[in-house]
Amino acid sequence: MNTLAPFFQFPNASRISWASVPVFSVTKLVRLTGEMLESGARLCSWFGVPEHDGTILVAVLAMDAESTLAVARSEPVGGSYPSLTPKHPQAHLFEREVWEQHGLVPVGHPWLKPVRHTYGNAPANAPFYRVDGGEVHEVAVGPVHAGVIEPGHFRFQCAGEEVLHLEIALGYQHRGVEEALANGPHRATMSQVEAVAGDTTIAHATAHASVLEALGGVEAPLRAQWLRAIALELERLANHTGDMGALALDVAFLPTSAACGKIRGDFLNLTALLCGNRFGRGLIRPGGCRHDLEEDRLQTLVQRLKVHMDDVEQAMAWFWDAASVRVRFRNVGVVHPSQASDIGLVGPAARACGLVRDVRFDHPAGWHRFSHSPVAVWPSGDIFARARVRSLEVQRSGRYLFEQLAAPVDGDTSTALPAPQPESMVVALVEGWRGEVCHVALTDHFGRFRRYKITDPSFHNWTGLALSLRGTAISDFPICNKSFNLSYCGFDL
């Protein structure tokens, strides 16, 4: 595709030199990025790199059909630049984030306000978009919620029970993860990466390990890649099962709710069997894995997995056989395919809108170069579709695990990791259970992290939740929210 020519192209989880990244004026970078997005690319990341008295803007895009990533950067710029958002809404949070972090004003951005904080580290709760009208009223929900859940603020504009607009304000859990990673890697780096989103430990740890391996010019042993793939699917199984139970609870379907709550714990315990931690912390390290799966534990894992898969299949059969469940989810919380594409949805939320979008298939790296599950897609874009995609992925992840565990890979679980190459850049994408996890590392002339940018899938998908509420009853908010089940801390960083 000719529009790719100005950008440097490279495969997922590979190293390129910073000098090879094309440099354009900021106006030309915005124009070229827009042309690529119009030609079918997706915006994986858009971020700033401090440079003397200015800021370099970096655009990272994915061409899924070609299994190619593309990158370009601007000359150092200060003050402002023409916004990409009016024509390409998927850039709106990225541009707000750059403004918040570097002070660069995207001229023409339709709703420029902070992403995570206003004064110091205080979350930004104002101003909110308002709908005028005699019958219009506001409903404010959060940040404190009725449950042991993360904090976030939801501001509804309603006409009676109908939601006209929802605006979501986050930032209450902003910890400064990217700032802490600067000048690394250091002793705390891996623990910080594993805590970006605790329920997505394996995906974030795999992305970070892939970054450092590419910077060091080595590849993890095949057995380590195989172990990572197993852990990633166990993480997917546990979280999708928990989500199915939560959806069942919100429509008072207690058999599946109770069963999935227990089975989620069973899947987490399989990860603990693999590495000693239910969330997979400590399993993955740059260069390989810290734990192996001996034959006895492998057989135990297979036996337990068979029992748990039978249990979850039964729980989901109860769920889908109940007409009261199906009718409650159909045509509620709809995101249309064109909206999903425009705002850059990823993961099950995108696949539930009919978009075939899965890093394991589009940009395979690690063990997924050799083996992956079929992509689960559903076209309707409603809560039914998001639940259906999850249940299909539970089945396919289970089958994938049985296939992999029946043919274990021999070899070492780790290799020596050389020092990171200086003046280099790596982009690593991993398909976490919520969707695309993106880690971008840029090293300085000492090989330390000059910039480390993380994009959790929730950063792409919170706008999808807001759109799904338009035209629905405000009482549908809990099940819409559960059907996305996005990460607050993964967004807040």
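How many bridges join β9 to strand β10? Six bridges do so, and the two strands run antiparallel. The model is predicted, so local features need pLDDT of at least 70 and side-chain atom pairs count only at pLDDT 80 or more, while totals for chains, interfaces and linings use all residues. Residues are numbered from 1 along each chain as its sequence is written, and side-chain values use heavy atoms, with hydrogens and water left out.

**The sheet**
- Three strands (E runs in DSSP of at least two residues, numbered from the N terminus) form an open sheet in the order β9-β10-β11, with antiparallel pairing; two strands pair if DSSP finds at least two bridges between them.
- β9 (136-141) and β11 (162-169) are at the edges, each with a single partner strand, so one side of each lacks a neighbour in the sheet.
- Neighbouring strands are turned by 20 degrees against each other on average, direction ignored.
- Strand β10 spans residues 153-159, and its glutamine 157 is opposite glutamate 138.
- Helix α14 packs on the sheet and touches β10 and β11, contact meaning heavy atoms within 4.5 Å.
- The direction of α14 makes about 160 degrees with that of β11.

**The helix pair**
- Helices α2 (residues 92-102) and α14 (residues 457-468) have axes that come within 10 Å and cross at roughly 120 degrees; helices are DSSP runs of H or I with at least four residues, and axes are lines fitted to C-alpha atoms over the stretch in contact, with angles from 0 to 180 degrees between N-to-C directions.
- That makes α2 oblique to α14, the class for angles that are not under 35, over 145 or from 65 to 115 degrees.
- His92, Leu93, Phe94 and Glu97 in α2 meet Phe459, His460 and Thr463 in α14.
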